[in-house]
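Hello,

Here is the structure we talked about. Please have a look at it, then read my notes below.

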Amino acid sequence: MDEKIILFGAGQRKERIIKLIEKYRGFEVVEIWDNNVQLWGEAVKINGRDIYISQPHKAAEHTIVIVTDIYYKEIEKQLIEDLDISRQQIKSGNYMLKNFKTDILKRYRGSTDKSIQEICVYLQHHELDMFNGQIKKAYQGDMFEVHRDEKNGLLYSYWGTKKIYLASTIQNELIAKEYLCSLCKEQDKDSPHCYDFGFLNLEASDVVIDGGAAEGFFSLQIIDRVKKVYLVEGDEPWIEALKYTFEPYKHKVEIIPKWLGNKSDKKRITLDEIGRSNQISMVKLDIEGAETEALEGGKELFSSKRPMTAIICTYHNTENAEAFERYFKEKGFCTGFSKGYMFVDGLDDIKAELRKGVLGARRE
């Protein structure tokens, strides 16, 4: 029988949780609460049923899942102090992954890998998430000031001392802060998603391809240390944001408004095409599971004998870590992985497994 739950929060993240419930089952939403009086009475369809948004009240008997991360502490305090709800009833959105947590604990029960053992210990007392206790520092939205550029309407903040613009699809300041916090978590020194784990030994003569540039934070970190950067990004809202972020560095940045792939056409471009007219010395790939196709389009580049470094995400698919490591070793690269392991909670195909996050490869 599905567990009956109440969702607290009718914001953007609610949609993701509903999709998770509809695809993987295990839960039945009986109510949706929100503090916004203007939303009360609105219907939300879940598994074919209309669930109406209402005011929080004391009659709750079920588990209450707080949808938002930004206001979690404030809502938890409200539930406990104003509505006499026990702390044990209150869960984060990651509670929806509890069945996957159970399966992970079973799968890795006998692991001798220290990082996996530490994750399993963490999961004994916490909900499953992407990083599972490996990041020690807490990142909060108030770390960032978000502003709106009156000329172009885009939100922006600062990555270090440099201005960084966000896509036009991000128009809410709280969502912008949440997005920036997620970037900080990903690039924390203890994060399995961190790109800087011993392979970013850059020189002033380096030419870099940033595959999957998104908001450009990776290139923004290194722009003062290299000769040139090619920002490859096919998502139009991010392309617009990149133009403003890298305006001060346009003399050493070229934006390629395409997706990386295994052939070049109107929408795609290969690493080899970029590399034929440039002495590329570093490639970073974080392209949402299209890394394999990008490598196919970089056979010439990676088969050359010149010194080169690659930083490539391996967490998007189960087999990527082993396959990519083998690929680069066969081409004479020394390889190494970022710390720890990630749980990937993409909606399409969630698997109860832990994956290596990023592979580094260097050929001297």
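Helices here are DSSP runs of H or I with at least four residues, and strands are runs of E with at least two. Counted that way, the protein has 11 helices and 18 strands. Please keep in mind that this is a predicted model.

Overall build first. The protein has 364 residues and a radius of gyration of 22 Å. A compact globule with that number of residues would come near 21 Å, so the value agrees. Along the principal axes, the C-alpha atoms fill a box of roughly 70 × 55 × 35 Å. Of the 364 residues, 52% count as buried. The accessible surface is about 18200 Å², and carbon and sulfur atoms hold 47% of that. Among contacts with a separation of 6 or more, 64% link residues 24 or more positions apart.

Now one sheet. It is open and has 6 strands, in the order β3-β4-β2-β1-β5-β6, with mixed pairing. The edges are β3 (43–46) and β6 (90–92). Each has a single partner strand, so one side of each lacks a neighbour in the sheet. Neighbouring strands are turned by 35 degrees against each other on average, direction ignored.

Inside this sheet, β1 (residues 3–8) and β5 (residues 63–66) run parallel, joined by 4 bridges. One residue to look up is L7: its bridge partner in β5 is V65.

Helix α1 (residues 12–24) packs on the sheet. The helix touches β1, β2 (27–33) and β3. Its direction makes about 30 degrees with that of β3.

Best wishes

Conventions:
Residues numbered from 1 in each chain as written. Predicted model: local features only at pLDDT ≥ 70, side-chain atom pairs only at ≥ 80, totals over all residues. Heavy atoms only, no water. Pairing = 2+ DSSP bridges. Axes fitted to C-alpha atoms, helices over the stretch in contact; angles between N-to-C directions. Contact = heavy atoms within 4.5 Å. Rg over C-alpha atoms; globule rule 2.2 N^0.38 Å. Buried < 20%, exposed > 50% of the residue type's maximum accessible area, 1.4 Å probe, protein only. Areas by Shrake-Rupley, 256 points an atom, 1.4 Å probe, with all protein chains shown as cover.
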